[in-house]
Each structure stands twice: as structure tokens, then as C-alpha cells.
Amino acid sequence: MPQIFVDADACPVKDEVVKVAIRHDFPVTFVSNAFMRLPEDRLVTRRIVPEGPDAADDWIAEEVAASDIVVTNDIPLADRCLKKGALVIGGTGRDFTEANIGSALASRAISQHLREIGEMTGGPKGFSAKDRSAFLQAMERACRKAKREASRR
């Protein structure tokens, strides 16, 4: 049975993850460095990891398996999970795939460099209703795909 892992510290779509997980009866683990309020359901578990720069990412990358779903905006974590055969979705509904992860990593490196030299300031655009809708659609597609892949094993 596929599971859903959520990199929860800055995740704007916790309620949406649970909504889709319930529909598909997938267990969800929210991973964070601190306690946070989460939607309550029998399918929802919480994993609090020690403080540290990549503690949540490391835990998820260790636990995830093929056909699991990971929700994260962290591109290096997305890359690690894809290498284990997981499906990965960003909080705005962006599917991370083997085909696009290389360019995502390169764009991240360029943006980081531009921030370091002061050429780029500010953060990402605000989260919108359109992003929420795109996420729900991507999550639904990922759950259906995870079920198909798991049934083949």
C-alpha cells in the first residue's frame, strides 16, 4: 500500500493532502522539526525529527519507497525520493519527474547564486487559489498512479 510523506515545516497544503489521502485510504506521515497542528484522522501520523538543517529531509528519504508519494518544495529532497521510485509533488502542484529534476536542480543553483551575489531579492510569489487547485489535481493523479504501480508489484 502506498504511503504519503509530507515535508511539513513549510507545507501550505496539509488539509488538501489529507482530503485526497482519505479518498484513497492512504496513510499520511507529516514530518517536521517541531509540533504543529495537523488535520485529525486515523490515517494521519506525525513524525517530529530533531532540529537540524536536513533532518526531516533525511528521514523522509530514508523511509520512502517505490510508489510512495512525497509532498515537498525541496528540490534536492525531490531528487533523492525520485531515485527511490517515489512520486513527488510540489506544494503548488508541480510534478517532479526524472525528466525535469535536472533542470529544477540547475535553476535552484542559479537562483541561489544570484541571491548570494545580491542580484535576486525577495522570495517566491504568494500561494494562490489556483496553486491550491493545481495541487489537488496533481495529488489525485499521483494517488491513482501510485495505486496502479503498487498493484503491479
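Which residues lie nearest the centre of the second largest pocket? In this predicted model, Asp 7, Ala 10, Thr 72, Asn 73 and Asp 74 hold that place, within a lining of 16 residues. The volume of the pocket comes to about 230 Å³. Among the elements of the fold, helix α2, which spans residues 55-63, gives the most to this lining, contributing 3 residues.

Asp 7 makes a good starting point for a closer look. This residue belongs to strand β1, which covers residues 4-7. Asp 7 is buried and yet has no salt bridge. The nearest side chain of opposite charge is that of Arg 80, at 9.4 Å, and a salt bridge requires a side-chain nitrogen of Lys or Arg within 4 Å of a carboxyl oxygen, so this pair does not count as one. What Asp 7 does have is a polar contact, side chain to side chain, with Thr 72 at 2.9 Å. Thr 72 also appears among the residues nearest the pocket centre. Leaving aside residues up to four places away in sequence, Asp 7 touches Val 31, Ala 56, Asp 57, Ile 60, Val 71, Thr 72, Asp 74 and Leu 77.

Several of these neighbours lead on to helix α2. Its buried residues are Ala 55, Ala 56, Asp 57, Trp 59, Ile 60 and Ala 61. Together, the buried residues of α2 pack against four strands, namely β1, β2 (28-32), β3 (44-48) and β4 (69-71), and also against helix α3.

Helix α3 itself runs over residues 75-83, and its buried residues include Ile 75, Leu 77, Ala 78, Asp 79, Cys 81 and Leu 82. At the start of this helix, a side-chain oxygen of Asp 74 comes to within 2.7 Å of the backbone nitrogen of Leu 77. Both Asp 74 and Leu 77 are touched by Asp 7, and Asp 74 is also one of the residues nearest the pocket centre. After α3 comes Gly 85, which has a positive phi, near 90°.

The other end of α3 brings Glu 98 into view. Glu 98 sits in the loop that joins β6 (95-96) to α4 (101-116). Is this residue buried or exposed? Glu 98 counts as exposed because its relative accessible area is 54%, and the cut-off for exposure is over 50%. Beyond residues up to four places away in sequence, Glu 98 touches Leu 82 and Lys 83. Glu 98 and Gly 85 are 13 residues apart along the chain, with 9.7 Å between their C-alpha atoms.

Definitions and conventions. Residues are numbered from 1 along each chain as its sequence is written. This is a predicted model: local features need pLDDT of at least 70, side-chain atom pairs count only at pLDDT 80 or more; totals for chains, interfaces and linings use all residues. Side-chain values use heavy atoms; hydrogens and water are left out. Helices (H or I, at least four residues) and strands (E, at least two) are DSSP runs, numbered from the N terminus. Buried means under 20% relative accessible area, exposed over 50%, partly exposed in between (1.4 Å probe, protein chains only). Lys and Arg count as positive and Asp and Glu as negative; His and the chain ends are not counted. A polar contact is a pair of N or O atoms within 3.5 Å; within protein, one must be able to donate a hydrogen and the other to accept it, and residues adjacent in sequence count only if both atoms are side-chain atoms. Contact means heavy atoms within 4.5 Å. On a 1 Å grid over the protein atoms alone, a cavity is a set of points where a 1.4 Å probe fits but cannot get out, and a pocket is an open set with protein on both sides within 12 Å along at least five of seven lines; lining residues have an atom within 4 Å of a point. Grid points are joined across faces, edges and corners, and a volume is the space filled by probe spheres set on the points.
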